[in-house]
Each structure stands twice: as C-alpha cells, then as structure tokens.
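Here is a short report on the fold, the core and the surface of one protein. Please keep the sequence and the model side by side while reading.

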Amino acid sequence: GNVDSDGLTIGDAVDLRIHGFGTLQAEVRWTQPGLAGLHLAKALHIPELNELIRLCRTGSDDLLAYGT
C-alpha cells in the first residue's frame with residue numbers, strides 16, 4: 001500500500017477524499033505500514049458503491065493506487 005499510516009491511530013476520524021467521487025467520513029480501525037482499515041461513517045447505497053468500484057477500475061493512476 002501507499003498510505004502514510006504512521007500518523008494514524010485507531011479511532012481517529014478521517015476524511016477519505018476520492019477524486020471524482022467526493023469525500024467520505026470514516027474511522028480508523030487498524031493500521032500497518034502502508035495500509036489502514038477504515039469504517040465508513042455512513043453506509044454506501046448500491047449506486048454509490050457501484051460508482052466507487054467503477055472509478056477504482058477505470059480511474060487515474062493515482063486513484064488506482066488506492067492511496068489517499
């Protein structure tokens with residue numbers, strides 16, 4: 001992964017900004033070097049999830065790297 005997880009602590013509130021999708025609020029659930037597990041504050045509806053998947057499959061290289 002390419003996430004700078006060193007500054008994240010379990011329980012931190014974070015904003016996940018995804019180009020072309022917007023910002024999602026989340027809570028850090030776990031971290032390890034280069035990765036972080038997040039719990040979204042609000043569940044995604046099926047159309048939103050489908051759009052996020054589409055963006056991740058066809059988006060820019062920055063988005064395809066899954067880093068924020």
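Strands E2 and E3 (residues 35-40) run antiparallel, joined by six bridges. Within this pairing, Thr 31 has Ala 36 of E3 as its bridge partner. Two residues lie between the strands in the E2-E3 hairpin, where Gly 34 takes a positive phi near 85°. This is a predicted model, so local features are given only where pLDDT is at least 70.

E2 (residues 22-32) also pairs with E1, again in the antiparallel sense and over six bridges. Two opposite pairs can be picked out here. Asp 15 faces Gln 25 in E2. Leu 16 stands opposite Leu 24, also in E2. The hairpin of E1 and E2 has three residues between its strands, and Gly 20 there has a positive phi near 85°.

**Overall layout**

The protein has two helices and three strands. Read from the N terminus, the order is β-β-β-α-α. The chain counts 68 residues, and 21% of them are buried. The accessible surface is about 5,000 Å², with 53% of that area belonging to carbon and sulfur atoms. Take the contacts between residues at least 6 apart in sequence: 35% of them join residues at least 24 apart.

**Strand E1 and the core**

Which side chains of E1 are buried, and which are not? The side chains alternate along the strand. Val 14, Leu 16 and Ile 18 point to one face and are buried. Ala 13, Asp 15 and Arg 17 point to the other face and are not buried. Asp 15, on that second face, is the residue opposite Gln 25.

Two of the buried E1 residues, Leu 16 and Ile 18, also appear in the largest nonpolar core. This core has five residues, and the others are Leu 24, Leu 52 and Cys 56. Strand E1 (13-18) and helix H1 each supply at least two residues of this core. The strand pairing shows up here too: Leu 16 and Leu 24, both core members, stand opposite each other.

**Helix H1 and its surface**

Helix H1 covers residues 46-58. On the surface, Ile 46, Leu 49 and Ile 53 form a nonpolar patch. Together they have about 250 Å² of accessible area. Ile 53 is a residue of H1. Is Ile 53 buried or partly exposed? Its relative accessibility is 33%, so Ile 53 counts as partly exposed.

Glu 48 is found in H1 as well. Its relative accessible area is 26%, so Glu 48 is partly exposed. What does Glu 48 touch, leaving aside its neighbours within four places in sequence? The contacts are Phe 21, Lys 42 and Ala 43. Phe 21 is 27 residues away from Glu 48 in sequence, yet the two C-alpha atoms are 8.7 Å apart in space.

**Salt bridges**

How many salt bridges does the structure hold? There are two. The table gives the partners and the distance between the closest N and O atoms.

| Salt bridge | Closest N and O atoms |
|---|---|
| Arg 29 and Glu 27 | 3.9 Å |
| Glu 51 and Arg 54 | 2.7 Å |

The cut-off for a salt bridge is 4 Å, so the value of 3.9 Å for Arg 29 and Glu 27 still counts.

Where does the second pair sit? Glu 51 and Arg 54 both lie in helix H1. They are three residues apart, which is about one turn of the helix.

Now take the accessibility of the partners. Arg 29 has 44% relative accessibility and so counts as partly exposed. Glu 27 counts as partly exposed too, at 35%. In the H1 pair, Glu 51 is partly exposed, with a relative accessible area of 29%. Arg 54 is also partly exposed, at 42%.

Methods. Residues are numbered from 1 along each chain as its sequence is written. This is a predicted model: local features need pLDDT of at least 70, side-chain atom pairs count only at pLDDT 80 or more; totals for chains, interfaces and linings use all residues. Side-chain values use heavy atoms; hydrogens and water are left out. Patches are made of residues with over 30% relative accessible area and no salt bridge: like charges are joined within 9 Å, nonpolar side chains (Val, Leu, Ile, Met, Phe, Trp, Tyr) within 5 Å. Accessible areas come from the Shrake-Rupley method with a 1.4 Å probe; for residues, only the protein chains shown count as cover. A salt bridge is a side-chain nitrogen of Lys or Arg within 4 Å of a carboxyl oxygen of Asp or Glu. Helices (H or I, at least four residues) and strands (E, at least two) are DSSP runs, numbered from the N terminus. Buried means under 20% relative accessible area, exposed over 50%, partly exposed in between (1.4 Å probe, protein chains only). A nonpolar core is a set of buried Ala, Val, Leu, Ile, Met, Phe, Trp, Tyr and Cys residues joined through side-chain atoms within 4.5 Å. Two strands pair if DSSP finds at least two bridges between them. Contact means heavy atoms within 4.5 Å.
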